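I opened this model to look up how its strands pair and what lies at the surface. The entries follow in the order I checked things.

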Amino acid sequence: MNWLIVPALILLGMVVLYMSAAGNGRGSRTIVASVLGFATVAALVGGVVWIGSWPSRETALWGIELGAPKEDVKFLKGPPLSGSTDDIWFYPGEYSQGKISHVVSYENDRVRYIGYVARTGTAPVLASVYSFEKLPSVLEKLGEPDHVAQSEDGLSRIYSFNKFNVAFEFAKNSIAMSFVFDPQFGPVEYSPEIENLPPIAIE
C-alpha cells in the first residue's frame with residue numbers, strides 16, 4: 001500500500017476547503033489553515049513511513065553476519081545439533097521445542113547463508129517481506145528472482161533475490177524457509193540436508 005495516498009487526499013481536501021472558506025471571514029480561514037498544517041504534517045509522516053517500507057539489502061539474520069567465521073558462530077550460538085555437517089549447521093530456536101529452527105551454511109569456513117525455518121519461533125521480516133506473504137506479493141515487492149531452485153519432489157521452490165541478499169522457499173504458496181545469503185557464492189540451492197529437513201505443516 002502507498003501510505004502517501006490517504007494524507008495526500010486529506011491535504012487536497014483541505015486545500016479545497018480553504019478556497020471555499022476564503023470569503024467567510026478571518027476566523028474561518030484561521031481554523032482551516034490550522035487543519036491544513038496538520039494535514040501537511042500527516043502527509044510528511046506518511047511519506048516517511050512509506051519510504052521506510054521499501055525493501056533493503058540484508059546482511060545478517062539471527063545475529064549472524066554473512067561472512068562470519070565458523071568459530072564466531074560457535075561462540076555466539078554454541079555447538080550445532082547432531083546431524084549437522086561440516087558445511088551446514090542446524091540449530092534449535094528458543095521456542096522450537098528442540099526442532100530445527102535455523103540453518104547456517106558455510107563456504108570456505110565462512111557464513112554463506114543463514115536460513116530460518118517457518119513457524120518455529122518469531123519470524124524475521126527480510127527485505128520488507130513478512131512470513132505470511134504469498135508468492136505474488138513477494139514478487140510485487142522484490143521483482144523477478146535471479147534464480148529459482150526446485151526441490152527433487154517438485155513440491156517446493158527457492159526464489160533468490162541477489163539485490164537484497166534474500167531468498168524464500170515456498171511450499172503450497174506459503175513461505176517455508178527464509179534466507180539471507182551472499183550472492184558471490186551463487187543462489188540458495190537445494191542440498192540433501194535442506195531437502196531432508198522435517199516437513200513444515202502448511203495449511
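Entry 1. I looked up the pairing of β5 and β9 and found it antiparallel, over five bridges. The model is a predicted one. Within this pair, I noted Phe 179 of β9 as the bridge partner of Gly 115. Gly 115 is also the partner of Val 103, on the β4 side. There, β4 (residues 100–107) pairs with β5 in the antiparallel sense over six bridges.

Entry 2. I went to the other neighbour of β9. Strands β8 and β9 pair in the antiparallel sense, over six bridges. Phe 170 has Ile 175 of β9 as its bridge partner. The hairpin of β8 and β9 has two residues between the strands, and I noted that Lys 172 takes a positive phi near 55° there.

Entry 3. Is β9 buried or exposed? I checked residues 174–181 and found eight of the eight buried, so the strand is largely enclosed by the rest of the structure.

Entry 4. I then traced the whole sheet. It is open and has seven strands, in the order β3-β4-β5-β9-β8-β7-β6, with antiparallel pairing. Which strands stand at the edges? They are β3 (88–92) and β6 (147–150); each has a single partner strand, so one side of each is left without a neighbour in the sheet. From one strand to the next, the twist averages 20°.

Entry 5. I looked up the helices lying across the sheet. Helix α3 (residues 70–77) lies across β3, β4 and β5, and runs at about 10° to β3. Helix α4 lies across β7 (156–161) and β8 (166–171), and its angle to β8 is about 160°.

Entry 6. I checked Leu 155, in the loop between β6 and β7. Its relative accessibility is 63%; the cut-off for exposed is over 50%, so Leu 155 counts as exposed. Which residues does Leu 155 contact, leaving aside neighbours within four places in sequence? I found Phe 170, Ala 171 and Lys 172. Leu 155 and Phe 170 are 15 residues apart along the chain, and their C-alpha atoms are separated by 8.7 Å.

Entry 7. Last, I looked for nonpolar surface. Val 125, Tyr 130 and Phe 132 form a nonpolar patch, with about 330 Å² of accessible area together. I located Phe 132 in the loop between β5 (110–117) and α4 (135–142). Phe 132 is exposed, at a relative accessible area of 62%.

Terms used
Residues numbered from 1 in each chain as written. Predicted model: local features only at pLDDT ≥ 70, side-chain atom pairs only at ≥ 80, totals over all residues. Heavy atoms only, no water. Patch = residues over 30% accessible without salt bridge, like charges linked within 9 Å, V, L, I, M, F, W, Y side chains within 5 Å. Areas by Shrake-Rupley, 256 points an atom, 1.4 Å probe, with all protein chains shown as cover. Salt bridge = Lys/Arg side-chain N within 4 Å of Asp/Glu carboxyl O. Helix = DSSP H or I, 4+ residues; strand = E, 2+ residues; numbered from the N terminus. Buried < 20%, exposed > 50% of the residue type's maximum accessible area, 1.4 Å probe, protein only. Pairing = 2+ DSSP bridges. Axes fitted to C-alpha atoms, helices over the stretch in contact; angles between N-to-C directions. Contact = heavy atoms within 4.5 Å.
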